[in-house]
Every structure is written in structure tokens, then in C-alpha cells.
Amino acid sequence: MANKENELIDELKNKFKLEPKIQRERRIWVSFDSNNILKIFKWIREYGFTHLSSISVTDWLEKGIYELTYHLWSYEHNMIITFKTKISRDKPIIESVTSIWGESAQIHERELHELFGVKFKDNPDLTPLFLENWEGPAPFRKDFNWRKYVTEEFYSDDNEREKIYYD
Amino acid sequence: MIEELETISQDSEYDLYFGPAHPGSGNFGVKLKVDGEIVTSARADPGYLHRGFEKLMEYRTPIQNAVLSDRLCVLEPLNWNLIHAEAVDELMGIEIPDRAKYIRVIMAELSRIQSHIIWYGVFSKGTGFDTGFKMAFGYRDFILDLFELITGGRVYPAGYICPGGVRRDFPKNTKDKILKVLDKMNKMIKLWEMENPALNARAKDIGVLKINDAIRLGATGPVLRGSGMKTDVRKEEPYEIYDKLDFEVPFREEGDAYARYWIGIEEMKQSIKIVKQALNDLPNGEFIESSCKKPKLNVKIPEGEVYVRNEVSRGEAAIYMVSDGNTKPYRVKVRGPDFLHMIPVLEFLLKGVQIADVPAVYWSLNICPADMDR
């Protein structure tokens, strides 16, 4: 059952000295150093992971890091491998993977740039997608409280009907 | 006066806004640069429907998020219910009773059928075939009646598929009622399969997407299958009971609007087949895991992370959920198929087409702005 998974794990261990883990069938999770990003991803694309399912950022406020996760799917091997890497929260800069997965990577990075403020080097277009004329902090960061922001910005204390109703 | 007119006519380039408040675009805009009749470049302009679900879910418990997940896609709320429930189930390690799995699949497939009906309707409308539009929305109502009977809501099921199983069991005679509706669907599909020269002329060889481009642009689901890739998450990574079911994955090589439209119709037939099988094998027993029967707000989600993929009617949908051990998820990332279809794929396909073909290309992608903006 887990032959394909084990083969890939061995390759990653030998080639890049990574330590992948199998979570369940068709799910592999692996952490890597963000400096090696292009080297590893070029190889994994060649290996058959042609579909970049999504990129995500998790904001670990207390540890002061952003954790980036790249979920890759292979139509050949039928499995997801998730690459995780950590970058500094204050200076979130990382190489873009647009050169490897093309436009599908570009659009994911463009979204994350807007929502988390991560700068992707060599991404040709990082204009905001959703928000117009937004000058505040990146809205999906954990230290941005939208409830507070909305109450201060749009609600009036004098108006009885505009009292907040959530807990 | 004449001089003025000449300067205008010499300059044949202009901007054309398709949406977001256009009846044929659905809460989403594309800015087209047009030279005469030909679109020279297209720029998607999302954000009209952005509600920030990923952030909203960080503030709520799974039982609240189950209701919220309806709204991820207006046109197929049950499928998004299912994928959210699966993510929570996997994080919490809940074993789902067999009956619940069957009910989930039946509901998801009925939802897929009604979503494809809307697709057919808006595609017909976009290409000037109004009868198709009206027929589609008429037939869709039969399925909405079923949803009302089973979930209580016609369009939004309010978290019917929840962590642990489903909220309610099937009421009496549901099986017969579903079978009756499926017969109607079969009749409808027979009508749609008739060759329609007007539609063929509008859809054949329009918006051709080659397989290499499709993979590079991140296309999934019917769009990728229309370009010649035989792929389906339900087959490659069976969730719930899909490994026990017998169904085909339709695909076509051409990659044009007609191929994608054809796949929509074939998929409805396959969904009907799936629902019939699942109804036939529907086991007795519990419809929800006993610990989830009474909704509790303060259940801690164990620490961990999962990536759950499903095939919704538009393609690959996924939820990445991280928990730090609290009652609310720490981070939820929603991957909607239309995020890729509506920005890179659409921009790529619209380049070089005539203005009259824009709606045909646009609607052949089976788009839904709700899960793109999120």
C-alpha cells in the first residue's frame, strides 16, 4: 500500500536530507529550509508533482514566524505531499515558485501577499486581489482584530441599533 | 465635428467591463481590452464577493463553521458542508457511521446534479438560448424540493452535513421521492442531449484549452477533463464510500467550450447512477456519531493539521485546517477550484476571442464567484 510513499520518502532523505512523515495513505508532510526552496521544488516537479494544489500561510504570533505550506498533488503517483517551511514574521520574504508551477503559483502567491504581506521574490505581479484602497495592516495576520476595527470604523456608540451583538 | 469623429474611429482600442453588476457575469468582473471586435487582453477583477471566510472561521467553533461553510459556494452548499465536516472529522478522529456516509454521498451527488443544472442554464443564457435557461431552473426546483424535505432549507442546508455525520435522518418515503426526481432528471437530460445547432455553433472550437496549459494554469475538475485528462478526486483518492461505487469519469480531448459542456451533461448521468446505487445499498443504523448528536460548543479540537480534498462539481476543492488544541481552528485555508479557473484560466482563454464569444468561454468554465472570493 505505502510503497509509492516510501519510495519518495527514501529519495527525499537521500537527496536533500529531509525527514518526511506519512500521516496516512496519500499524505506526506515534510519540513525544509526556505533557502533550498527552488532546488527541492524543481526536483519534485520533475518527479511528477505537476499540480500545485494550494499554498497557505499560518501565522504563529507567539513564535514570531510565518509557516508556509505548499500542497502538491501528483497525477502520476496519486498523493499529496505538503512542504512546510518557516520564515520570519517581521521580514516575510521568500523566493517565488512561479518559475516552476507557472500562473497557478503566481495567483496563490498574489493572494497571500495581500492577506499576509509575504513578499515573494521574482513574482511578476503582486497587486491586491480583493481589497480596494486598503492601507491598513495585512488583514489575515493574527494581531489584526477585524471585529475591533469594524466596531471603531463603522459603528457609532450613539446609535442604539448599531450595538454589537456577538459575544 | 467630422474631424472629431475621425479621431474616435481611428482609435479602435477601448476598455470593456464585463461585470461585476452584469446579469450575465454573477458578482464578478473582467476588464477587457478590446481592439475592434477582438479581445486583446483580459484582467480578472475579483473582490466583489469577498467575505473573508478563512478569517471568520478562526473566530468560530466547528459547529458554527459547519453552518458558515454553506456560504462558501452559493450553488453547491452541501458539497462544501461535506468537505468542512471531513476536515473536522479527521482532526478529531471521529468515526462516521455507515448510514451517515451513504446519506452524505447521496446529498453531495444531488447537489452536484443541481449545480450542473445551473451550469447548463447559465451557459445557455450566455449563448442566447433562453429556453435552456428556463428549463434548467424549472427542473432544478425538483431537487430543491428534496433538499427542503431532507435538510429544511431549499438552497442553504444550514450545516446539514456536520462533523460526526448528518444533522437529521431521511424522513419517511425519501427514497421513493428521490427516485421519482431522478426519473425527471433523466427526462431532462434526454432533452438536453439533442443536437442543438445554435449551441454547437456558439461553443465548438471556442476557448480551446490545451492539456499542458490547463495543468500549468491550475485547472481541475470538468475543465481539466475537457482538455483530455481523465482525473477525478473521487476515483484517485476515494473519500466516504466512493471506492464502493461504480461510476465512470467522462473526459474529452478537444478542450473547447463544447467539450466542457458535454462533460457537465455526462457527469449528471454518472451522479444519477451513484445516487441510485447508494440508495439501493443504504444501510440501517445511526445517522450521526453518538458523541456529536447533541451539538456542544466547547469541544476541544486536538492539535494537528489536515489537508482534505474533495471533488465538487467545479473541480478540486480542499480545506487545510490547523488546530492548536483550542475549541476553534487556528487556521483554515480554503482552496476553491474557481480561484484558479476564474483568474489565470479565464484571463488566458479570453485573450484573442471575439466579444460575442466572451460569455460562451466565461460560462463554459462553470464558475462560481463565491468560492473564488471566499
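User: In this predicted model, what makes up the contact between chain A and chain B, and how many residues does each chain give?

Analyst: Chain A contributes 25 residues and chain B contributes 25 residues. On the side of chain A that touches chain B, at least two residues each come from β3 (51–60), β4 (65–74), β5 (79–88) and α4 (103–116). β3(A) provides the largest share, six residues. By class, that side of chain A holds 12 polar, nine nonpolar and four charged residues.

User: Why are α5(B) and α6(B) called roughly antiparallel?

Analyst: Helix α5 (residues 98–126) of chain B packs against helix α6 (residues 130–151) of chain B at an angle of about 165°, and their axes are 7 Å apart. Angles over 145 degrees count as roughly antiparallel, and α5(B) and α6(B) are therefore described in that way. The crossing of α5(B) past α6(B) is left-handed.

User: Which residues make the contact of α5(B) with α6(B), and of what classes are they?

Analyst: Among them are B:Leu110, B:Ile113 and B:Ile117 in α5(B), and B:Phe133, B:Phe137 and B:Ile143 in α6(B). The residues of this contact comprise 11 nonpolar, four polar and three charged.

User: What makes up the largest nonpolar core, and which element gives the most to it?

Analyst: The largest nonpolar core has 138 residues, and those with the most contacts inside it are B:Ile319, B:Val345, B:Leu346, B:Leu350 and B:Val361. α5(B) gives the most to this core, 14 residues.

User: Which residues are in contact with B:Val345, leaving aside its neighbours within four places in sequence?

Analyst: With those neighbours left aside, B:Val345 is in contact with B:Leu209, B:Leu217, B:Ala219, B:Val223, B:Leu340 and B:Leu365.

Conventions
Residues are numbered from 1 along each chain as its sequence is written. Chains are lettered from A and ligands numbered from 1 in the order in which they are written. This is a predicted model: local features need pLDDT of at least 70, side-chain atom pairs count only at pLDDT 80 or more; totals for chains, interfaces and linings use all residues. Axes are lines fitted to C-alpha atoms, for helices over the stretch in contact, and angles run from 0 to 180 degrees between N-to-C directions. Helices (H or I, at least four residues) and strands (E, at least two) are DSSP runs, numbered from the N terminus. Angles under 35 degrees count as roughly parallel, over 145 as roughly antiparallel, 65 to 115 as roughly perpendicular and the rest as oblique. A crossing is left-handed if the near helix is turned anticlockwise from the far one by less than a right angle, and right-handed if clockwise. Two residues are in contact if their C-beta atoms, placed from the backbone, lie within 7 Å. Ala, Val, Leu, Ile, Met, Phe, Trp, Tyr, Cys and Pro count as nonpolar, Asp, Glu, Lys and Arg as charged, and the others, Gly among them, as polar. A nonpolar core is a set of buried Ala, Val, Leu, Ile, Met, Phe, Trp, Tyr and Cys residues joined through C-beta atoms within 7 Å. A residue is buried if 20 or more other C-beta atoms lie within 10 Å of its own, exposed if 12 or fewer, and partly exposed in between; C-beta atoms are placed from the backbone.
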